[in-house]
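Work through the exercises below with the structure open. Each task is followed by a stepwise solution.

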Amino acid sequence: MAENAVTPIAPAAPPPAAASARAAPAKPAPALSVAPGPHIASGALTTRRMMLDVILAALPLLAVSVYLFRQYAVFQIAISVIGALAAERFFGWMRRRPNTLGDLSAAVTGLILGLSLPASAPWYVGVIGAFAGIGFGKAVFGGLGQNIFNPAMVGRAFVMIAFPAALGASAYVAPTLGVDAVTQATPLTAFKMMGSVAALKPLFLGMTNGSIGETSALAALIGGAYLCWRGTAAWRIPAGGILALAILAGASDLTGGSPWTFAHHLSSGAFLFGAFFIATDPVSSPLTPKGQWIFGAGFGALVLLIRAFSGYPEGVMFSVLLMNSVAPLINRWTIPTPVGGPAPERK
Amino acid sequence: MNYLVSVLLLAISTALINNMVFHYFVGNCPFIGVSRRVDTAFGMGAAVTFVVTIAAALSWIMTYFVLAPGAPLTAAVLRLVRPGSTAVADLSILNYIVYIFVIAWAVQLVEMYVRKFFPPLYKSFGVFLPLITTNCVILFTCLEIMKHVPVAGAPVAEPWGLDRALIFAFFAGIGFLIAIVLMAGIREELEHCDVPAPLRGPGITMIIAGILALAFLGFTGMDTTLARRLAPKPPPASAETAARPAP
Amino acid sequence: MSERKNDGPTPMERFLGGLIPENPVYRQILGICPSLAVTNTMEGALTMGVAALFVLLCSNILISLIRPLLKPHLRILVFTLTIATFVTIADRVLAAYLYDMSKQLGPYIPLIIVNCVIIARCEICASKQRVFTAAADALGQGLGFTLGLMTIATVREILGFGTWFGKWLGWRVIPATAPAHWSNWVIMILPPGAFLTLGLLLGVFNALTAKKEKAA
Amino acid sequence: MKRNYIQQAWLVIVLACLFGAALAAVHAGLGPRIAQNRLNDTLSQIPTLVEGAARGEPLEIGGRIVYRAVDGEGAAAGWVVPAGGQGFADRIELLIGLDREAAQITGLYILQQNETPGLGNRVTEPEWRARFAGQSALAPLTVVKGRAGGAGEVEAVTGATVSSQSVVGIVNEAVARFRRERPEGAP
Amino acid sequence: MSSESSTVLSPPGRFAGGVHPPEHKELARHAAIEVLPPPAELALPLLMHTGAPCQPVVQPRAEVVYGALLADSDAFVSAPIHAPAAGVVQREGVATLPNARHVKTIPLKVGPHQMAAEELMADMFGGEWPEDGIADVAPEEIVKAVRAAGIVGQGGAAFPTHVKLARNPKKPVDTILVNGCECEPYLTADYRVMVEAPAPVISGARLAARAAGAATIIIAVEDNKPEAIEALRAAAAGDVKIMSVPTRYPMGGEKQTVRVATGRTIPTGGLPLDVGVVVINVETAAAIARAVWRKKPLTHRVVTVTGGGIAQPKNILAPIGCRYADLVAFCGGLKPEAGRAIAGGPMMGFALGDFNAPVTKGTSGLTVLTAEDVRRAAETPCVRCGRCVEACPLDLMPTRLALAARHKDWNLAKRHHLMACMECGCCAYVCPAAIPLVQLIRMGKVQMMKEVGK
């Protein structure tokens with residue numbers, strides 16, 4: 001066939017690039033690749049970019065934490081992040097896997113873990129938390145994308161139960177720190193133990209004591225808004241959580257419940273931080289929109305239940321882990337019916 | 001109302017806080033073995049709940065009337081045999097043997113009954129019934145109940161009537177059901193995950209159970225706090241009800 | 001019994017088999033409840049292991065002795081009766097002579113009755129083998145079980161309390177005047193620590209045996 | 001048919017008889033010792049709970065056992081009241097020492113608890129239990145947090161307020177009940 | 001052309017999901033349709049429609065004129081094939097279609113005397129298209145003419161049109177939906193037909209409605225083609241409704257078009273017929289008009305040759321059976337940066353290994369992307385972000401389907417309705433982890449049919 005005569009530039013045969021190039025060295029013919037469609041991809045978002053978004057969104061929290069806890073915050077976060085990176089590399093090496101630090105997921109785990117620890121926790125808490133989180137929370141499941149539980153929360157739960165004295169209520173007292181508000185028990189602990197109700201404004205702005213990243217509701221809202229706008233976090237989860245918490249706490253307010261109103265519940269502790277940054281971890285939350293609503297609502301309700309009735313002043317971590325464990329079932333139960341109904345059985 | 005509250009508290013405490021699997025470690029063999037699919041896990045959990053309730057009732061009755069020191073039936077028999085005897089008959093050394101046979105018998109009974117009268121139910125969890133005899137959840141529940149069966153001679157710290165024993169057993173089963181269904185959901189999800197080879201199967205199951213146990217610690221103290229919140233205001237009244245003598 | 005029927009492993013092989021290749025905890029994943037429940041101290045693990053060994057040995061010997069008389073359909077009944085009796089004896093002996101231990105182990109001693117290790121050995125070995133073989137098998141399995149419990153307890157007690165046999169022997173592994181950088185891992189005493197430790201040890205055991213098999 | 005049944009089951013019956021005999025022997029041999037162990041568990045604490053007491057005598061009041069602490073000569077030294085209730089994680093069982101008039105708490109001992117290790121289980125520590133000794137038994141105790149308690153106040157274990165409150169609640173209830181039910185004029 | 005112009009309707013329905021990739025239609029949207037002179041040889045595949053293949057009715061070395069019948073079949077679901085040019089029939093050959101199917105062909109050596117380009121254009125799209133008198137044509141006549149002309153769906157699926165138009169008493173049709181969405185990026189063939197020849201489109205739509213017994217005629221056009229909407233609106237009378245639908249891929253998919261334009265949902269595994277709708281492509285409509293009024297068979301079609309790798313993107317009226325190489329040559333050849341040639345659009349088209357495949361009745365375009373366009377990030381693990389679930393226009397969970405397909409877990413696949421997937425590729429387009437979702441699903445569907453289907 002005189003193909004070349006007709007289309008001099010088009011490759012004559014299935015095009016091995018080198019062969020075409022040799023045939024016409026002056027003007028190299030284009031090398032055509034063959035692959036199944038679709039042949040274009042959005043490219044607007046990559047896994048790495050999603051992780052970077054989380055880090056960007058955490059900047060307001062970081063700013064508040066550094067303002068409040070000074071070098072302690074920097075130290076704690078640095079320890080956690082370095083610990084998480086080391087753990088990721090270590091477990092990868094154990095399994096003879098290529099380096100996965102570049103996808104930034106371990107850094108995000110470390111960052112969230114660091115933000116969820118108290119500033120006064122000793123150094124080994126961050127390291128052990130990071131190793132337990134990456135190890136038990138991620139590596140044993142096969143690495144990124146396969147874990148059931150949020151690795152940062154697994155790590156935090158591990159150290160919280162392992163070192164109750166370092167993370168317990170009393171440990172928040174850090175008399176060496178400069179800002180007055182942070183030398184007392186956290187607002188939630190103070191309420192649970194002594195019934196003292198904190199003022200709303202400092203709660204909202206974050207001029208209180210607490211874990212490094214959880215104090216400021218405002219900063220969490222700003223970062224969370226960015227995450228939802230970018231689509232990195234599924235907005236339905238925080239929405240469901242906030243709604244559930246507000247409705248339940250509001251109902252209890254109406255029936256003459258406690259002086260800790262729903263506004264207190266919303267802006268205190270790690271609730272907003274958890275709702276926007278932790279519960280929205282895509283890997284460990286449901287895939288379907290309906291599932292995300294259920295997940296969010298369950299998260300909010302459990303936070304309230306644990307705060308109100310359990311022995312722990314704060315319930316974000318437990319709620320996230322509990323909802324993580326239900327997520328596979330939620331996924332299973334909320335498989336949407338395809339448009340037009342399920343495919344008919346083939347006989 | 002008070003009674004309902006106490007049922008609620010017992011339910012929360014048994015099913016969530018002191019969950020059979022995550023707190024008492026019992027029922028681990030089926031927990032590992034039958035947690036690969038959600039539907040089979042649910043069948044197993046339902047079967048356990050069913051049997052444990054029946055076995056608990058039987059063992060409470062046996063303990064209260066026959067086995068405990070000074071139990072009425074045994075005492076009556078003793079009086080028949082040796083009128084005027086003042087010895088307190090104590091058959092509690094036979095407890096374990098009696099329980100295990102009560103359980104085996106209950107399983108048989110349930111199996112026959114369900115197969116005959118509820119064939120669909122039998123189809124859904126009948127296959128698990130024979131496995132249950134050696135499920136420690138059941139024996140453990142019987143042993144817990146044993147500690148609380150009111151005894152005439154020595155007062156028991158927290159005497160349970162038959163009703164409480166039944167509620168306890170039912171929610172012990174529910175706790176097991178929750179645990180095994182959660183685990184099955186997770187393990188189905190894990191089926192296509194790249195779990196390290198040495199950890200596949202029991203290893204990863206144990207680690208997940210560990211994380212679940214961590215999560216369930218969040219419920220700790222819920223029953224105490226609820227009890228305080230729901231208790232009627234004047235405390236002496238509650239003291240009276242608690243001091244209610246054994247039936 | 002004809003020799004051919006007894007052609008299986010020799011008593012020695014059976015004994016050694018129970019220790020590692022057929023270890024009840026790590027290989028057969030049996031008796032998990034006690035492996036988790038009593039292993040926060042070495043004392044608990046040892047006591048439970050010995051109690052199980054006692055029950056296993058006694059019932060294996062007894063079953064092996066009466067094996068010609070066993071009717072197949074009554075076999076499980078006899079096993080259960082035997083095991084339950086010996087468990088009761090073990091329980092009472094503990095309560096009489098090691099009251100503290102008995103209190104600590106609580107319901108987990110009677111739960112030996114439904115420990116799959118024992119009923120499985122009765123079924124697989126004792127009801128088919130001569131007394132000596134059955135006894136060797138029971139010893140191997142019992143020791144293997146004890147070993148399994150004690151490895152778990154070693155990890156948990158050292159991390160959780162900083163001691164090894166702390167109650168009985170008072171050995172401190174982590175010095176009491178430990179540097180400020182150490183604090184006991186409370187999680188190891190609690191249920192999550194038990195599950196996580198066993199999970200990890202299972203992984204380690206599997207990895208080691210896999211490596212050995214590869215080398216062989 | 002019946003013969004057949006017996007033929008089948010004779011082994012079980014024989015075994016059952018054998019086992020029954022063995023168990024009876026064990027029970028007869030070890031029973032008293034076990035009972036003594038149980039009793040000692042409680043009684044051995046009595047001297048530490050009530051000053052001057054050497055041993056305790058069990059006494060049933062209102063369906064419950066309490067112990068009358070007596071000194072070497074058998075003279076009354078005070079009371080030991082067992083009590084129990086829900087703690088943070090599980091039931092807490094404890095012993096309360098009272099003076100002769102049941103007007104003052106002389107000591108506290110935790111028999112059994114399952115509180116969070118490292119936090120709640122510190123209620124068993126002697127330093128904390130010592131905060132009860134010398135308190136008046138006439139009015140309920142209250143829990144305070146973050147400062148040393150005065151009269152009628154017990155400082156909570158740091159980070160374990162719920163456990164502390166549980167213990168104090170159990171003590172208050174048991175003491176009040178004992179004061180209501182104890183034999184008038186005794187000891 | 002019309003006495004009263006119709007208004008533009010807005011759609012009553014909507015579909016969830018979908019994506020909006022960069023359109024890139026600017027490359028060829030202003031290129032008026034040009035006629036490709038018949039190349040030296042044509043190769044007409046005997047199967048270029050859904051259904052039974054045709055059998056040749058001419059012998060090798062036979063001389064044929066333009067429009068002569070070359071092959072036909074007795075089967076109902078089939079469409080005859082006609083000569084797009086005068087020439088001499090050659091010995092039967094074989095060609096590989098872009099979808100990797102091998103088909104027999106009738107090669108045709110093109111003779112020296114051919115219709116002039118202007119004449120062909122006028123015959124295809126020009127002249128007057130009667131507006132009256134449609135009611136006088138018997139519906140059976142129309143179906144017969146359509147069958148005789150070998151018309152198939154020119155949107156891509158190539159389903160014989162007469163089958164759709166034949167009345168079925170069990171499934172009455174009330175709506176003819178002319179699909180002018182052309183949602184694939186780059187492609188502009190349908191757009192050019194709507195702009196340059198609205199009259200035959202509208203006439204064909206009316207004939208189709210007459211044949212199928214439908215009372216309503218809707219022409220749905222995406223709102224990124226205002227000129228097309230305007231041209232159709234100007235040409236249409238009141239009985240033909242022009243509808244402007246949102247621009248979103250895969251709006252052109254039958255399920256989506258019908259749902260948006262009529263608010264009805266086609267059951268999974270079903271046809272538009274099940275909800276009383278017949279969907280035809282705009283060019284098919286024009287072909288129907290030509291077959292009925294001018295008794296001409298389907299021999300040519302408009303093909304967009306476009307993309308960053310093509311020297312001069314064009315819309316070409318090409319004879320069916322010409323090779324892609326002829327199209328490329330007509331457009332000035334490839335640019336050096338060309339990286340991938342695709343039969344059809346970049347979302348659902350098939351990559352070409354070479355340019356030897358013939359243009360068929362269903363070929364809508366040739367897109368040559370640059371290497372830069374097709375460069376993809378390396379695949380990373382799924383982080384279950386749910387993007388694909390949100391993008392799926394059918395409410396499926398593509399990541400689960402891909403997982404099931406990868407591990408051949410047909411239970412999981414069934415639970416997530418693998419077979420309902422229409423392979424539009426939205427999921428793979430949005431996936432941040434660059435997982436070839438739709439590719440895996442496609443493979444899984446085939447394997448599942450093989451392993452479970454029997």
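A polar contact is a pair of N or O atoms within 3.5 Å; within protein, one atom must be able to donate a hydrogen and the other to accept it, and residues adjacent in sequence count only if both atoms are side-chain atoms. This is a predicted model: local features need pLDDT of at least 70, side-chain atom pairs count only at pLDDT 80 or more, and totals for chains, interfaces and linings use all residues. Residues are numbered from 1 along each chain as its sequence is written, chains are lettered from A and ligands numbered from 1 in the order in which they are written, and side-chain values use heavy atoms, with hydrogens and water left out.

**Exercise 1. Place E:Glu423 and find its partners.**

Which side chains does E:Glu423 join by polar contact?

Step 1. Locate the residue. E:Glu423 sits in the loop between helix H13 (410–415) and helix H14 (426–430) of chain E. Helices (H or I, at least four residues) and strands (E, at least two) are DSSP runs, numbered from the N terminus.

Step 2. List the polar contacts. The side chain of E:Glu423 meets that of E:Lys445 at 3.0 Å. The side chain of E:Arg442 is joined to E:Glu423 at 3.3 Å.

Step 3. Widen to contacts, meaning heavy atoms within 4.5 Å. Leaving out residues up to four places away in sequence, E:Glu423 touches E:Met348, E:Val438, E:Arg442 and E:Lys445.

**Exercise 2. Describe the interface of chain E and chain A.**

Step 1. Rank it. Eight pairs of chains touch, and chains A and E make the most contacts. Chain E has no contact with chain C, the closest C-alpha atoms lying 24 Å apart. Chain D and chain E are not in contact either; their closest C-alpha atoms are 36 Å apart.

Step 2. Size it. Chain E gives 71 residues and chain A gives 56 residues. The two chains bury about 5100 Å² between them, 61% of it on carbon and sulfur atoms. Buried area is the accessible area (1.4 Å probe) that two parts lose on being put together, summed over both.

Step 3. Count the polar links. There are 20 residue pairs in polar contact, both at pLDDT 80 or more. The count of salt bridges is one. A salt bridge is a side-chain nitrogen of Lys or Arg within 4 Å of a carboxyl oxygen of Asp or Glu. Here A:Arg236 pairs with E:Glu390, with the closest N and O atoms 3.2 Å apart.

Step 4. Find the main contributor. Strand S17 (residues 338–343) gives the most to the chain E side, with five residues.

**Exercise 3. Describe the interface of chain C and chain D.**

Step 1. Size it. Contact involves 24 residues of chain C and 21 residues of chain D. About 2000 Å² is buried between them, 76% of it on carbon and sulfur atoms.

Step 2. Name the residues that lose the most area in chain C. They are C:Arg92, C:Ala96 and C:Tyr99, together 24% of what that side buries.

Step 3. Count the polar links. The rule finds zero salt bridges. Three residue pairs are in polar contact, both at pLDDT 80 or more.

Step 4. Assign elements. Helix H4 (75–97) and helix H5 (99–105) of chain C each supply at least two residues of the side that touches chain D. H4(C) has the largest share, twelve residues.

**Exercise 4. Buried or exposed? Classify the partners in three salt bridges.**

Buried means under 20% relative accessible area, exposed over 50%, partly exposed in between (1.4 Å probe, protein chains only).

Step 1. A:Arg49 bridges to A:Asp53 at 3.0 Å. The two are four residues apart in helix H3 (residues 47–57) of chain A, so about one helical turn separates them. A:Arg49 is partly exposed at 28%, whereas A:Asp53 is buried at 0%.

Step 2. B:Glu144 bridges to B:Lys147 at 3.4 Å. They lie three residues apart in helix H8 (residues 136–148) of chain B, so about one helical turn separates them. B:Glu144 is buried at 9%, whereas B:Lys147 is partly exposed at 46%.

Step 3. E:Arg301 bridges to E:Glu283 at 3.0 Å. This pair links distant parts of the chain, 18 residues apart: E:Arg301 in strand S15 (residues 300–306) and E:Glu283 in helix H8 (residues 282–294) of chain E. E:Arg301 is buried at 0%, and E:Glu283 is buried at 3%.
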